[in-house]
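Please open the model in your viewer and keep the sequence panel visible. The tour proceeds by selections, one after another.

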Amino acid sequence: MASELSKSPVPDAQSVREQSLAVSGLACERDGRLLFEGLEFTLAPGAAVQVEGANGAGKSTLIRTLIGSASDFTGTIAWQGLAFPRGLAAMRASLLYIGHYAGVRRGLTPLENLAWYGAGQDDAMRALELVGLYGFEDVLCQQLSAGQNRRVALARLYLPDSPPLWILDEPLAALDVTGVAGLETQMNCHLRRGGSVLLTSHQPVNIAPLQRVNLADFSPRMAVEEELHRAV
Amino acid sequence: MQSESVGDGRKRIAEPVLRPAVPAAAPGFFTLFRTELTLAVRRRSDIVNPLLFFVTVLALMPIGIGPEPEMLSRMAAGLIWVMALLSTLLSQESLFRSDYEDGSLEQLALQSQPLYFPVLAKVLVHWLVTGVPLAVLSPLLGMMLNLGQAGYWPLLLSLVLGTASLSLIGAVGAALTVALRRPGLLLALIIMPLYVPVLIFGTGTVQAALDGYGYGPQLAILGAILAAAAALAPLAAAGAIRISLEN
């Protein structure tokens, strides 16, 4: 096990596929509009994927499909070799997801929010200190700024016993420069200990090894439209 | 381990290369309940508004329909029950709304444990902060509306059992409409018909007591409705939440 971790986490293509989140031929639509098709990528342990794309390109839909919130897709998503929906339960058991709506309750304090996620008092205090919320543990989240609320959500990444797969939708939104740097450090740590990260972001993220997936490369071919043109 | 996977690509790896996946720590029922109670106590207006509505409208009744004691005493049980029903409905709309909007409902849905217990915890708190105060206040309002003394206990007991059923049934409607920005009348249309049996046996309890009969059977039926609702309504609400989250 130890030698495995110290080695490069890419032994060969097939086993990588079996240890990780593998997406192939994925097509998603929203409200009758095809967002992307033929999407392929593999998220191996110790690796990160950044999903890029213009507003409305389908980044959030992709994330919601990957966590199983939206079941309307064609193609295959597999977790450790098990295709959805069979692999979904196992995938969720090792998932830490922070969405666009970060799951921070505004009527609770940061400490209570982390306790709701199952964190012990000491761990929660340490995590809040690490995200720069020292002294704000007992202030109601509705009195904190947008960036501070985002930090409360991100504090979950600093808790011990973190699940191996992080899926983060726009984690850098509303963060200041030091916040971004801190988050990048934490993500790098997570990658080094064999975890994997999938995130969406509009700004460059300084983590390694990072694979960038641009949804514009998978935009649907306008077959129907072309045909219409020809007919006219 | 590595040689296994290299030798035969199709073979499943016996052990994941990473640490074994630790299931995300799911908050236990007590944690859920305590969190909901904390939130409810901090949002005091959500508790006080339905109660105030209940008391105000009932205080207006004698002015509206006239102060004759006999007429009021005949209508008292029905009026109190209908108002309890309406104020429960009023407070039901916001049951899942803030959790839906801040994303914590989605986080709950991602956990491996069923949504049954989180929903039950929410409904229990909703009942504690709306139904129980209504029931406790009801004898006082009964006195104001000249309800016969024999009706005080049956009214209180029937409201304690009945409002719990109302909270549970209403949770299904709230879960179905949580993704809508303004459910308003739709919520009422969905759950009002389901409220009717509770209303019938609730007022029936008080009426039986006022007429000098035993009210045990009516209370027993209210209890049976509550038992059925406690078993089934959270399941239905959990299903409805999953549907609402898909959009």
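Two strands are said to pair if DSSP finds at least two bridges between them. Helices (H or I, at least four residues) and strands (E, at least two) are DSSP runs, numbered from the N terminus. This is a predicted model, in which local features need pLDDT of at least 70, side-chain atom pairs count only at pLDDT 80 or more, and totals for chains, interfaces and linings use all residues. Residues are numbered from 1 along each chain as its sequence is written, while chains are lettered from A and ligands numbered from 1 in the order in which they are written.

**First selection: chain A as a whole**

Chain A contains nine helices and nine strands. Of its 232 residues, 43% are buried; a residue is buried if 20 or more other C-beta atoms lie within 10 Å of its own, exposed if 12 or fewer, and partly exposed in between, with C-beta atoms placed from the backbone. Two residues are in contact if their C-beta atoms, again placed from the backbone, lie within 7 Å. Among the contacts of chain A with a separation of 6 or more, 70% are between residues 24 or more positions apart.

**Second selection: the antiparallel sheet of chain A**

Strands of a sheet pair through backbone hydrogen bonds, either parallel or antiparallel. Select strands 2, 1, 4 and 5 of chain A: in that order they form an open sheet with antiparallel pairing. Strand 2 (33-43) and strand 5 (82-83) of chain A are the edges, and each has a single partner strand, so one side of each lacks a neighbour in the sheet.

Now display the bridges. Seven of them connect strand 1 of chain A with strand 2 of chain A in the antiparallel sense; A:Ala22, for instance, has A:Thr42 in strand 2 of chain A as its bridge partner. Which residue takes a positive phi in the hairpin of strand 1 and strand 2 of chain A? The residue is A:Asp31, with a phi near 50°, in a hairpin that has two residues between its strands.

On strand 4 of chain A, six antiparallel bridges lead to strand 1 of chain A, and A:Ile77 is the bridge partner of A:Val23. Strand 4 (residues 73-79) of chain A is also joined to strand 5 of chain A, by two antiparallel bridges. There, A:Ala78 stands opposite A:Ala83.

**Third selection: the parallel sheet of chain A**

Select strands 6, 7, 8, 3 and 9 of chain A, which in that order make an open sheet with parallel pairing. At its edges stand strand 6 (95-98) and strand 9 (210-214) of chain A; each has a single partner strand, so one side of each is without a neighbour in the sheet. On average, neighbouring strands of this sheet are turned by 15° against each other, direction ignored.

Within this sheet, four bridges link strand 3 (residues 48-52) of chain A to strand 8 (residues 196-200) of chain A, and the two run parallel. A:Gln50 is found opposite A:Leu199 of strand 8 of chain A.

**Fourth selection: the helices on the sheets**

For the angles that follow, axes are lines fitted to C-alpha atoms, for helices over the stretch in contact, and angles run from 0 to 180 degrees between N-to-C directions. Add helix 8 (residues 177-192) of chain A: this helix lies across strands 3, 7 and 8 of chain A and runs at about 145° to strand 8 of chain A. Then add helix 3 of chain A, which lies across strand 1 (21-30), strand 2 and strand 4 of chain A, at about 125° to strand 1 of chain A.

**Fifth selection: chain B**

Turn to chain B, which has ten helices and zero strands. Buried residues account for 43% of its 247 residues. Of the contacts in chain B between residues at least 6 apart in sequence, 78% join residues at least 24 apart.

Select helix 4 (residues 69-92) and helix 7 (residues 116-144) of chain B, which pack at an angle of about 155° with their axes 11 Å apart. Helix 4 of chain B is therefore roughly antiparallel to helix 7 of chain B (angles under 35 degrees count as roughly parallel, over 145 as roughly antiparallel, 65 to 115 as roughly perpendicular and the rest as oblique). Residues making the contact include B:Ala76 and B:Ile80 of helix 4 of chain B, and B:Leu134 and B:Leu141 of helix 7 of chain B.

Finish at B:Ser98, in helix 5 (residues 97-102) of chain B. Is B:Ser98 buried or partly exposed? With 16 C-beta neighbours inside 10 Å, B:Ser98 counts as partly exposed. The C-alpha atoms of B:Ser98 and B:Val178 are separated by 9.4 Å, although the two lie 80 residues apart along the chain.
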